Amino acid sequence: MTIQGNANTPRKLLAVFAHPDDETFICGGTFAKYAAEGVEMTLVSATRGEMGRRMGNPPYLNRETMAAAREQELREACACLGIGNLIFFDIRDKTVEFEDERSLEGRIEALIRDIAPDVVLTFHERYGGHPDHCAIGKATTAAFWRSARKGALYFITFGDAMERPERYGYKRKDVVKIDVQAYQSAKLAAFRAHRCQTEIDEWVWLADNEALSRFGRHEYFLKGDVQAAQRANTDLF
Ligand SMILES: [Zn+2]
């Protein structure tokens with residue numbers, strides 16, 4: 001059994017993602033769950049998502065105004081999900097893969113050493129689904145290995161793809177499946193906070209019970225290191 005933190009030493013989670021909305025759309029229920037359990041959470045958004053294709057519905061943003069709008073939306077989403085600490089790396093959207101790798105890894109490694117998180121979350125460097133996702137996942141994974149790595153590393157995954165992990169070369173034992181049913185309202189609030197990205201999705205704005213029914217009950221993570229491998233399959237800690 002993993003030794004849990006007590007009231008004097010709160011458990012800590014560091015998530016290193018690419019864009020505003022990654023945290024909500026991919027694993028918002030998990031953040032809300034751990035916030036409710038008193039976990040201290042830090043989110044890095046490498047960019048402000050200013051190259052996003054969705055510009056409101058009807059469109060009211062442009063490339064100049066989008067970064068500030070999405071930053072504000074992410075702040076609101078973090079409040080919905082209980083993420084207390086938000087950091088931007090100020091990298092231009094869609095250019096994370098062109099950053100100097102060593103320097104990016106160094107920034108993330110410094111954060112890991114400073115925060116000493118029990119859990120590090122990032123994208124899988126191959127299954128990230130977007131070049132920025134893969135690049136921030138690769139840098140975070142390298143930074144994790146360069147750090148003292150006291151915590152455990154996990155990769156976020158999309159939807160229920162990890163119900164069939166063998167398709168990606170993994171086994172069921174490599175997957176953490178978290179029940180987030182009790183936290184769907186917070187997740188929906190965070191979806192709505194990302195207004196310029198979700199306005200076009202009619203289901204998000206249906207009556208709460210209708211919208212909530214669209215969410216899957218579980219969120220899935222891949223274990224990324226030996227520490228994670230030793231932990232349960234229903235909890236990141
Ligand atoms: Zn993204």
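The following exercises, each with a worked solution, concern the strands and helices of a predicted model.

**Exercise 1. Sheet order**

Determine the order of the strands in the sheet, and state which strands lie at its edges.

*Solution.* Begin with the pairings on one side of the sheet.
- Strand β1 (residues 12-17) and strand β2 (residues 40-45) run parallel and are joined by six bridges; L14 has T42 as its bridge partner in β2.
- β2 is in turn joined to strand β3 (residues 85-88) by four bridges, again in the parallel sense, with T42 opposite N85 of β3.
- β1 also pairs with β4 in the parallel sense, over four bridges, and A15 stands opposite L121 in β4.

Continue through the remaining strands.
- Five bridges connect strand β4 (residues 119-123) with β5, the pairing being parallel.
- β5 and strand β7 (residues 218-223) run antiparallel and share three bridges.

The complete order is β3-β2-β1-β4-β5-β7-β6, an open sheet of seven strands with mixed pairing. The edge strands are β3 and β6 (175-179), each of which pairs on one side only. From one strand to the next, the twist averages 25 degrees.

**Exercise 2. Crossover handedness**

Establish the handedness of the β-α-β units that include β2, and of the crossover from β4 to β5.

*Solution.* Follow the chain from β1.
- The unit formed by β1, helix α1 (residues 22-36) and β2 is right-handed.
- The unit formed by β2, helix α2 (residues 66-81) and β3 is right-handed.
- For β4 and β5, V119 stands opposite A152 in β5. Between these strands the chain passes through helix α4 (residues 131-146), and the β-α-β crossover is right-handed.

**Exercise 3. Environment of β5**

Decide whether the faces of strand β5 are covered or open, and explain why the strand is described as largely enclosed.

*Solution.* Consider each face separately.
- On one side lie A152, Y154 and I156, all buried.
- On the other side lie L153 and F155, which are buried as well.

Both faces are therefore covered; since five of the five residues of β5 (residues 152-156) are buried, the strand is largely enclosed by the rest of the structure.

**Exercise 4. The surroundings of F221**

Classify F221 as buried or exposed, and identify its contacts beyond its sequence neighbours.

*Solution.* Locate the residue, then count and list.
- F221 belongs to strand β7, where F221 is the bridge partner of I156.
- Within 10 Å there are 25 other C-beta atoms. The threshold for a buried residue is 20 or more, so F221 is buried.
- Setting aside neighbours within four places in sequence, the contacts of F221 are Y154, F155, I156, T157, V176 and L236.
- F221 and L153 are 68 residues apart along the chain, and their C-alpha atoms are separated by 9.9 Å.

**Exercise 5. Helix packing**

Describe the packing of α3 against α4 by angle, axis distance, handedness and contacting residues.

*Solution.* Two quantities describe a packed pair of helices: the angle between the axes and the distance between them.
- Helix α3 (residues 101-115) packs against α4 at about 55 degrees, and the axes are 8 Å apart.
- This angle makes α3 oblique to α4, because it falls neither under 35 degrees nor in the range 65 to 115.
- The crossing of the two helices is right-handed.
- On α3, the contact is made by E101, L104, E105, I108, E109 and I112; on α4, by A139, T140, A142, A143, F144 and R146.

Terms used. Residues numbered from 1 in each chain as written. Predicted model: local features only at pLDDT ≥ 70, side-chain atom pairs only at ≥ 80, totals over all residues. Buried ≥ 20, exposed ≤ 12 C-beta atoms within 10 Å, placed from the backbone. Pairing = 2+ DSSP bridges. Right-handed = clockwise from strand over helix to strand, strands pointing away. Axes fitted to C-alpha atoms, helices over the stretch in contact; angles between N-to-C directions. Parallel < 35°, antiparallel > 145°, perpendicular 65-115°, else oblique. Left-handed = near helix turned anticlockwise from the far one by under 90°. Contact = placed C-beta atoms within 7 Å.
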